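User: Please take a close look at the sheet and the helices packed on it. Keep it brisk, and close with the cysteines.

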Amino acid sequence: MSQRILVVDDNEDNRLLLNDLLSGAGYEVIEAAAGDEAVRLAGEHVPALILMDIQLPVINGLEATRRIKADTRLAHIPVIAVTSFALTGDDAKARAAGCDNYVSKPFSPRAVLAMVKSYLA
Amino acid sequence: MPDAVLPFRSIIRRLVRVVVMVAVCCAAAAITLQALYAIRQARTDFDASVRDISANRVRTLSSALGMSEPTLAQAQINEIAVAPQIAGVRLLTAAGIQLQAGRVPFAAVPDATLEIPPPAGSGSALGRLYLNFDHSYVMRKVLIDTAITAAFIGVFTAVLCALLIRFLRGEISAPLQRLSWRVNALTPEALDDSYSPLRVKRPWRDELDQLWEGFVTLHGGLGRYVAERNVAEAALAQERDHLDEKVAQRTQDLEAARNEADRANRAKSEFLANMSHELRTPMNAIIGYTELMLDETYGPLTPKMRDIHRRVERNGRHLLGLINEVLDLSKIEAGQLTLTAGEYSLVEMIRSTVSSLEGLARGKNLRLYVNAPPVLPIAYGDERRMSQVILNLLGNAIKFTESGEVEVQVHTEAEQFLVAVRDTGPGIAAEDQQRIFEEFQQADTSLTREKGGTGLGLAIARRIVELHGGRLWVESAPGAGATFSFTVPIAAKLEAEPPASAVTQTLEAAK
């Protein structure tokens, strides 16, 4: 059974892009468009990895990551932050919230896939 | 005012005292002289009376005695004794007869003795006449004379003193006192020219008048000075108030202008940051999908489709580069570009950057190489940002140089690195050398369209170097290429490079 990855992004194009990339590489993808939805889906499906956009409606990616990392059942899931925030300190904020790594938009799909693979080897 | 504690002693009192003392002394001297003269006069009178007796009475007595007429002799003696200054007369004849007359008992020692010669002028003396003077009479006479003189001199002196004192009071004491009162009554408010004269008008002036005139002149001058000063002070105070107002107004204006500028600057930075963020989201989809297409995630591509997708990707990346530069500048403008400082090897970083541009240089048939000494210290700062500076300078050098070479020189100078990027390009005119560091400026604006780029690269590079406490400058002349130099901070300890890479590394891009 293929590993399941949760893609969180409020932009449908970017969700589809990541879905195509990861599906093409043989992963099963589930999508969330908002922070609260991401936390709920993570609890339901317990994915192998989460790609978390930071700027999200309802609750932002940092808060969603904090909630997921606070759940003992989910704390082990690697969370890679995907951000288009412009200013410095984003990587530090992401790490402080519990993210395991950081990808800056616009990203190269190849680089993202390489990073995902490094966590799911 | 230490003089205030001393006792006050009026000049006029002391003056009067001196005058009275001098007058008393003079009077005493005059009286003494008069007494001495009276005594001397008494003596002269006495001598005159002895001569008179000798000349007149002695001859009569001689004949009386010669004729043995004692009664006649007695009568003569009685006549002699009548004179007031003669106290007593005694006649002792050769025959031993003694005759005498007088008011008092005859004294043992006579005051004068006269020989009575014989009437014929020959033979022995007929007797001797002893005279006694009335001393108390002489004394009385002297005393009375002296007393009269003393009374006269005393009255005269007293009148003279009184006149002198009156004069001194009128001439000196009273005007001095008035002057003193007026000077003491002097207040800044009473400074005007309304002066009454010091004393009644006279056809002459003296020292006190001069003093008073001097005082009036001084007082009037002081009054005018004070009045002028008051006017000036009032004007100054008004000016100062006005100035305070002006300063306050100007400060308020400046503050408002600064707040406005700050607000505008913040708005600009926020706008740039937001724009960059908004631009990155669609860029992500464009570049990402293009890459997926080129990786044939969606199926195989015809050569034409692959070429088109490559063009899309290249333009997408170029657009992304522009967006990143705008983003960097907005960070710097917003003061949010922070350095992640640490120690790093400058030469290694430069070589790695040079390697990444090798293909670009080779494509233009340019020689690209690094020229650095074998051993260099460790650098300190934000390696990624410094690499951005080198990348920008090298990128420009390669972009604008059509033939020849691009060299990166590294050496240490004055406790810091000096990195120079030299090219054999068209060079930059002197008037453009400052402008190219300003945002959105290139030496030739037509080059922007021809060569691409935002014109932000040099501005960003200079800000990064300045954030490291260094400087970035250019030396160039049209047709003579350009050399962009900048300084890089040195960390404390020496970096020992392996001997293999000690020789100048040359990347022959042309080969």
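Analyst: Helix H2 of chain A, residues 35–45, lies across three strands of that chain: S1 (4–8), S2 and S3. Its direction is at about 145 degrees to S2(A). This comes from a predicted model. Helix H3 of chain A, residues 61–70, lies across S3 and S4 of chain A. H3(A) runs at about 155 degrees to S3(A).

The strands under discussion belong to an open sheet in chain A. Five strands build that sheet, in the order S2-S1-S3-S4-S5, with parallel pairing. S2 (28–32) and S5 (101–104) of chain A are the edge strands. Each has a single partner strand, so one side of each lacks a neighbour in the sheet. On average, neighbouring strands of this sheet are turned by 20 degrees against each other, direction ignored.

Take one pair within the sheet. S3 (residues 49–53) and S4 (residues 79–83) of chain A pair in the parallel sense over four bridges. A:Asp53 has A:Val82 in S4(A) as its bridge partner.

Now the cysteines. A disulfide is a covalent bond between the sulfur atoms of two cysteines. Over all chains, the structure holds zero disulfides. B:Cys161 shows the gap: its closest cysteine sulfur is in B:Cys26, 9.3 Å away, which is too far for a bond. The cut-off for a disulfide is sulfur atoms within 2.5 Å. B:Cys161 is also buried, with a relative accessible area of 10%. In chain A, A:Cys99 counts as buried because its relative accessibility is 6%, and the limit for buried is under 20%.

Definitions and conventions: Residues numbered from 1 in each chain as written. Chains lettered and ligands numbered in written order. Predicted model: local features only at pLDDT ≥ 70, side-chain atom pairs only at ≥ 80, totals over all residues. Heavy atoms only, no water. Pairing = 2+ DSSP bridges. Helix = DSSP H or I, 4+ residues; strand = E, 2+ residues; numbered from the N terminus. Axes fitted to C-alpha atoms, helices over the stretch in contact; angles between N-to-C directions. Contact = heavy atoms within 4.5 Å. Buried < 20%, exposed > 50% of the residue type's maximum accessible area, 1.4 Å probe, protein only.
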